[in-house]
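Visitor: I would like to go through this model and hear the reasoning behind the labels. Please give the cut-offs where they matter.

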Amino acid sequence: FVGENQFGSVYRPIAKVSFESPVTKKWISTWMIVDTGADHSILPKHLSEKLRISLERDCIKDITVGIGGEKSIYFMKEKIKAKLGGIGRIVPIAFIDSDETPPLLGRLGFLETFDTEFLKSHTVVFRN
């Protein structure tokens, strides 16, 4: 993903990740920013609805503070099945109380389970 600012083009590393709904067993795919600075993998609120996950019943509510200010965040009580390419994992995720926040692929229990390379060709390589 390429963004523009006053200094030029900014290449944001992204990866297509699929999550299995614990209710319907259907897979939902989304593009996520590979964020080595994010402790947790965070999805926007609308994906909780697509995955049929109840923020009230299936998650623990907390508060997160970042550049955008203070927001509610909902950590799933149980880990969820995820696939990055052909590689499967069972990972912890959270949902942010916003649909404007992009999906972030964070370290805890997910990104840290791969050998990851950020190439100068603006490609991200994940190895099992």
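Guide: Start with accessibility: buried means under 20% relative accessible area, exposed means over 50%, and partly exposed is in between. The model is a predicted one.

Visitor: Why is Arg127 called partly exposed?

Guide: Arg127 has a relative accessibility of 42%. The class in between runs from 20% to 50%, so Arg127 counts as partly exposed.

Visitor: What makes the contact of Glu117 and Arg127 a salt bridge?

Guide: The cut-off is a side-chain nitrogen of Lys or Arg within 4 Å of a carboxyl oxygen of Asp or Glu. For the side chains of Glu117 and Arg127 the N to O distance is 2.4 Å, so the pair qualifies. Glu117 is in strand E12 and Arg127 in strand E13 (residues 124–127), 10 residues apart. Glu117, at 34% relative accessibility, counts as partly exposed.

Visitor: How many salt bridges are there in the whole structure?

Guide: A search finds 4. One of them joins Lys81 and Glu20, with 3.7 Å from N to O. Lys81 belongs to strand E8 (residues 80–84) and Glu20 to strand E3 (residues 14–20), and 61 residues separate them.

Visitor: Is Glu20 buried or exposed, and why?

Guide: The relative accessibility of Glu20 is 12%. Buried means under 20%, so Glu20 counts as buried. Its partner Lys81, at 44%, counts as partly exposed.

Visitor: What makes Asp39 and Arg107 a salt bridge?

Guide: Their closest N and O atoms are 2.7 Å apart, and the limit is within 4 Å, so the pair is accepted. Asp39 sits in the loop between strand E4 (27–34) and strand E5 (42–44), and Arg107 in the loop between strand E11 (104–105) and strand E12 (115–118), so the salt bridge ties together parts 68 residues apart in sequence. Asp39 counts as partly exposed at 44% relative accessibility, and Arg107 counts as partly exposed at 32%.

Visitor: Why does the radius of gyration agree with a compact globule?

Guide: For 128 residues, a compact globule would have a radius of gyration near 14 Å; the protein has 15 Å, so the two agree. The C-alpha atoms fill a box of roughly 45 × 35 × 20 Å along the principal axes.

Visitor: How many helices and strands does the protein have?

Guide: There are 1 helix and 13 strands. In sequence order the pattern is β-β-β-β-β-α-β-β-β-β-β-β-β-β.

Visitor: How much of the protein counts as buried?

Guide: Of its 128 residues, 36% count as buried.

Note on methods:
Residues are numbered from 1 along each chain as its sequence is written. This is a predicted model: local features need pLDDT of at least 70, side-chain atom pairs count only at pLDDT 80 or more; totals for chains, interfaces and linings use all residues. Side-chain values use heavy atoms; hydrogens and water are left out. Helices (H or I, at least four residues) and strands (E, at least two) are DSSP runs, numbered from the N terminus. The radius of gyration is taken over C-alpha atoms; the globule rule is 2.2 Å times the number of residues to the power 0.38. Buried means under 20% relative accessible area, exposed over 50%, partly exposed in between (1.4 Å probe, protein chains only).
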